[in-house]
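Good morning, colleagues. Please look at the model on the screen while I describe its cores, its charged pairs and its overall form.

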Amino acid sequence: MSKVPLTVKGAEKLRAELEELKSVVRPRIINAIATARAHGDLKENAEYHAAKEQQSFAEGRIGEIEGKLANAQIIDVTKVDANGKVVFGATVALEDIDAEKRVTYQVVGEDEANIKEGRISIGSPIARALIGKEAGDVVIVKAPAGNIEYEIISIEYI
């Protein structure tokens with residue numbers, strides 16, 4: 001399986017979620033199952049079935065996170081020599097030339113992307129248009145609503 005790019009912050013967030021699932025959620029679910037078993041007949045025990053469902057979800061998520069971390073290529077953008085170009089992990093301030101509106105995005109891995117928080121996936125049309133460009137460059141993003149022209153105002157590696 002190929003390596004998936006992940007920022008340092010993204011990897012830390014996944015590790016924290018994994019730790020929470022293993023040290024807090026898993027033991028709580030085990031206790032809930034034990035309590036439900038103590039009530040007797042498991043066929044008609046809603047508490048038992050709910051706890052088993054939670055267990056299934058939690059174990060699935062643990063496996064998913066472990067897989068993501070095992071296949072992650074963690075990139076620390078502060079240590080990358082990008083020569084002023086947009087690279088994975090860079091934070092880019094853009095101006096929509098037509099709308100005269102400024103936006104700031106960080107180029108991150110697929111699992112970290114959250115447009116509301118200003119993090120766009122490396123595979124998104126905007127990120128693909130930005131990669132390798134420098135401050136002052138104008139890029140054209142092919143969007144479903146039509147082409148959008150952005151000017152790169154600044155690039156930060158934080």
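I begin with valine 92. Leaving out residues up to four places away in sequence, valine 92 touches Val86, Val103, Thr104, Tyr105, Leu130, Ile152 and Ser154. I should say at once that this is a predicted model.

Valine 92 belongs to the largest nonpolar core, which has 17 residues. Within that core, Val86, Val92, Leu94, Ile126, Leu130, Tyr150 and Ile152 touch the most other members. Two or more residues are given to this core by each of β3 (91-96), β4 (101-108), α3 (125-130), β6 (138-143) and β7 (146-156). Which element supplies the largest share of this core? That element is α3, with 4 residues. There is also a second, separate core of 16 residues, and Leu18, Val25, Ala58 and Ala72 are among them. As a general remark, nonpolar side chains in soluble globular proteins tend to be buried together.

Let me now place these cores in the whole chain. The secondary structure of the protein amounts to 3 helices and 7 strands. Read from the N terminus, the order of elements is β-α-α-β-β-β-β-α-β-β. How does the radius of gyration stand against that of a compact globule of 158 residues? The protein has 22 Å, where such a globule would be near 15 Å. Along the principal axes, the C-alpha atoms fill a box of roughly 70 × 35 × 25 Å.

Turning to burial and contacts, 34% of the 158 residues count as buried. The exposed area of the protein is about 9,800 Å², and carbon and sulfur atoms supply 52% of it. Among contacts with a separation of 6 or more, 53% are between residues 24 or more positions apart.

I move on to the helices, starting with arginine 26. This residue sits in helix α1, which covers residues 8-38. Is arginine 26 buried or partly exposed? Arginine 26 counts as partly exposed because its relative accessibility is 27%, and the partly exposed class runs from 20% to 50%. Not counting residues up to four places away in sequence, arginine 26 touches Leu21, Glu59 and Ile62. Arginine 26 and alanine 93 are 67 residues apart in sequence, and their C-alpha atoms are 41 Å apart in space.

The next residue is lysine 68, in helix α2, residues 46-70. Its relative accessible area is 21%, so lysine 68 is partly exposed. Neighbours within four places in sequence aside, lysine 68 is in contact with Leu14, Arg61 and Asp111. With the side chain of aspartate 111, the side chain of lysine 68 makes a polar contact at 3.3 Å. Lysine 101 lies 33 residues from lysine 68 along the chain, and a distance of 35 Å separates their C-alpha atoms.

Lysine 68 also leads us to the salt bridges. Side chains of opposite charge can pair when their charged atoms come close. How many salt bridges does the count come to? The count comes to 10 salt bridges. In one of them, the side chains of glutamate 64 and lysine 68 meet at 3.1 Å, N to O. Both residues lie in helix α2, 4 residues apart, about one turn of the helix. Glutamate 64 is partly exposed, since its relative accessibility is 38%.

Another salt bridge joins aspartate 76 and lysine 79, with the closest N and O atoms 3.4 Å apart. Aspartate 76 is partly exposed, with a relative accessible area of 26%, whereas lysine 79 counts as exposed at 71% relative accessibility. A further salt bridge brings together the side chains of arginine 119 and glutamate 117, at 2.4 Å from N to O. Glutamate 117 has a relative accessible area of 47% and is therefore partly exposed.

Which residues are joined into one network by salt bridges that share partners? They are Glu17, Arg61, Glu64, Lys68 and Asp111.

To close, I return to three points. The model, which is predicted, contains a largest nonpolar core of 17 residues and a second, separate core of 16 residues. Its radius of gyration is 22 Å. Lysine 68 takes part in a salt bridge with glutamate 64 and in the network that includes Glu17 and Asp111. Thank you for your attention.

Terms used. Residues are numbered from 1 along each chain as its sequence is written. This is a predicted model: local features need pLDDT of at least 70, side-chain atom pairs count only at pLDDT 80 or more; totals for chains, interfaces and linings use all residues. Side-chain values use heavy atoms; hydrogens and water are left out. Buried means under 20% relative accessible area, exposed over 50%, partly exposed in between (1.4 Å probe, protein chains only). Contact means heavy atoms within 4.5 Å. A polar contact is a pair of N or O atoms within 3.5 Å; within protein, one must be able to donate a hydrogen and the other to accept it, and residues adjacent in sequence count only if both atoms are side-chain atoms. A salt bridge is a side-chain nitrogen of Lys or Arg within 4 Å of a carboxyl oxygen of Asp or Glu. The radius of gyration is taken over C-alpha atoms; the globule rule is 2.2 Å times the number of residues to the power 0.38. Accessible areas come from the Shrake-Rupley method with a 1.4 Å probe; for residues, only the protein chains shown count as cover. A nonpolar core is a set of buried Ala, Val, Leu, Ile, Met, Phe, Trp, Tyr and Cys residues joined through side-chain atoms within 4.5 Å.
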